[in-house]
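Visitor: I would like to learn how the words used for a protein model are earned. Could you take me through this one?

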Amino acid sequence: MMEEFIYVDGYSGGGLMIKCEHPQYKTKPKYICKESDGCSERKNPGVQDEWMENGDVSLYDDTRAGVLMVFFRELKAADAGTYRCGVNVSHYTERFTELQLSVKHDEKYLQMMTESAHFGEEINITCQIPEHNVHFCKEDDSHICQNISSSKVTQMNGSSVRNKKRVFTVIISKVSVRDAGVYWCGAETRDTYLTFISLNTKIQLIVIMPPVVRHEGESAEIICPYDSIYKSKPKSLCKGKCSTRDRNTLHETVREEKETKTDRLTLNDDVTASVFTGTITGLTAEDAGKYWCAVTLERGLNYLYTHLIIVMNDELNLTKYEGDDVSIQCKHQDEDQKSFCKAHEASMCVKDGVSLETIRDDRFSFSDEASTGVFTVNITDLREEDSGIYWCGVHVIMRVHLNVSKEKDR
C-alpha cells in the first residue's frame, strides 16, 4: 500500500539523508529499493539500532522512533530515480512511501571550503542554503553526517534572504581537537512521512595548535592531543604536505600504548592522557616546517597541525650610520611568506600560527630569490630608532642585531 509520493532534490557530490517514518511499526523490518529494477534488490540494515553499510548507502533502523535513516555519502547521477521507502508489516502486507530523487549536476550547487581555527579560540562557519530549515552536521568515522550536539555550537544565526538563499553562520567557541573534521551545511525539508536533508556545502575544519619555537641543536616536542574515542586507532606524525594519498609520514604508532624510536625521532602514544608526542633531537634547519598530527581512520585522517620554528645559532651583527642603506638576506621555504619582525625574543614575533609581524614602513622592502631559498630585506635611509633586534625568515629564523649610529663626525 503506497502512502504518499514525494519529490527529493540532491546535489552531485553532496550527501543526502532520507528519514522514512513508520511510527506505528517501530520494530518491523524496514527497507529502501529502486523501482527501476522492480525493487528486486531491497536495501535494509540487516540489524536494528546501528548503522550498517549496504552497497553504496548506509542505513539505520531506529526501533525507538520507528524511522529508517538512509544516508547517501556522495550522490552521483546513477542515484537519481524513483525509490520506495517501506516497512514489511507482515508476510503479505507492506507500506511504503514513493519518492522521486533528482540529482543536480551544476558545480554551483556544491561548495567545498577549508576553514582553520586556532586551538581554544572561536570559529565562524558561514554557508548559504535555500529557504528551508538549516541542517548542520559533522561526519563520523564512517563518513555519515549526523547532527551535532548543541553543546558544541554556541550560536547558529540566519540572516536575510539573498537571491532566494539564506546566509547562515554557525559559531563554535573554545575550539578543541575533537572539533577537527568534516562538516556539512544543508537544507532540511519535512513531509508527512518523510524528512530529507540535502547537504551541499562541505567544510573541512583544521585545528591549529600553538607553534613550537626551538633553537638549532635543541630538542622539540610536538604534542598531539586527540579525542579519547580514537585511542585504539593508529596515529601518525607527518611533515609538509600530508594528504591521505601522499603524506610524508615520519612514523606511525602501533595500536596500543608504546614508545617507538627511529634515529632522532621518538613517538609516544599515551592513551590514558589521549596524547601522542613526537620528540625530535638535534634540531637542524631541515626540521623546521609544518607538522600534521593525524589519527588514521577507515576513510581518511583527522587533522590538526602545528609549526616547528627553528632559531639558527648563527647571528648577524650589523653596524650602520643614519642615512645608510642595508640589505639583509633571510631564509625561507617553499610557499612561505616573507616576514621580518622586530622584537627582543623570537617567540614574540609568532602570531596566527607562524606569521611574523612584518614591519609596515615604506623604507622596508623585499626582494625574492625563490630558487635559492633566500629573500632579501632592503632598508633605506636608516635612522637611529631602527636599532634593535630583528628576526627574519618564517620556519627558519635568524637573529639580526642592527646598530644604527649618528652620522660620523666629519
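**How the labels are earned**

Guide: Let's start with strand 7, where six of the eight residues are buried, so the strand is largely enclosed by the rest of the structure. Please keep in mind that this is a predicted model.

Visitor: What makes strand 7 and strand 8 a pair?

Guide: Two strands pair if at least two bridges are found between them. Strand 7 and strand 8 have eight bridges and run in the antiparallel sense, so they meet that rule. They form a hairpin with five residues between them. In this pairing, Gly-81 stands opposite Leu-101 in strand 8.

Visitor: Which way does strand 3 run with respect to strand 7, parallel or antiparallel?

Guide: Strand 3 (residues 30–34) and strand 7 are antiparallel, with five bridges joining them. Look for Ile-32, which stands opposite Cys-85 in strand 7.

Visitor: Why is Ser-90 called partly exposed?

Guide: Ser-90 lies in the loop between strand 7 (81–88) and strand 8 (94–104). Its relative accessibility is 37%. Buried means under 20% and exposed means over 50%, so with a value in between, Ser-90 counts as partly exposed.

Visitor: And why is Asp-386 called buried?

Guide: Asp-386 has 5% relative accessibility, and the cut-off for buried is under 20%, so the label fits. You will find Asp-386 in the loop between strand 31 (374–379) and strand 32 (388–393). Not counting residues up to four places away in sequence, Asp-386 touches several others, including Lys-342, Arg-363 and Phe-364.

Visitor: What makes the link between Asp-386 and Arg-383 a polar contact?

Guide: The side chain of Asp-386 reaches the backbone nitrogen of Arg-383 at 2.8 Å. The limit for such a pair of N or O atoms is within 3.5 Å, so the distance passes.

Visitor: How do you know that Cys-224 and Cys-293 form a disulfide?

Guide: A disulfide is a covalent bond between the sulfur atoms of two cysteines. The sulfur atoms of Cys-224 and Cys-293 are 2.0 Å apart, and the cut-off is within 2.5 Å, so the pair qualifies. The torsion about their S-S bond is about -60 degrees, so this disulfide is left-handed. Cys-224 sits in strand 18 (residues 220–225) and Cys-293 in strand 24 (residues 289–296), 69 residues apart.

Visitor: Does the rule hold for Cys-330 and Cys-392, or what is their distance?

Guide: Their sulfur atoms are 2.3 Å apart, which is within 2.5 Å, so Cys-330 and Cys-392 form a disulfide too. Cys-330 lies in strand 26 (residues 326–331) and Cys-392 in strand 32, so the pair ties together parts that are 62 residues apart in sequence. Both Cys-330 and Cys-392 are buried.

Visitor: How many disulfides does a search of the whole structure find?

Guide: The search finds six. Among them is the link of Cys-137 and Cys-145, which is right-handed with 110 degrees about the S-S bond.

Visitor: Which residues have the most contacts inside the largest nonpolar core?

Guide: They are Leu-237 and Leu-308, in a core of 39 residues. Strand 25 (residues 301–321) gives the largest share of this core, four residues. A second, separate core has 19 residues, including Cys-20 and Tyr-83.

Note on methods: Residues numbered from 1 in each chain as written. Predicted model: local features only at pLDDT ≥ 70, side-chain atom pairs only at ≥ 80, totals over all residues. Heavy atoms only, no water. Helix = DSSP H or I, 4+ residues; strand = E, 2+ residues; numbered from the N terminus. Buried < 20%, exposed > 50% of the residue type's maximum accessible area, 1.4 Å probe, protein only. Polar contact = N/O pair within 3.5 Å; in protein donor to acceptor, adjacent residues only side chain to side chain. Contact = heavy atoms within 4.5 Å. Core = buried A, V, L, I, M, F, W, Y, C linked by side-chain atoms within 4.5 Å.
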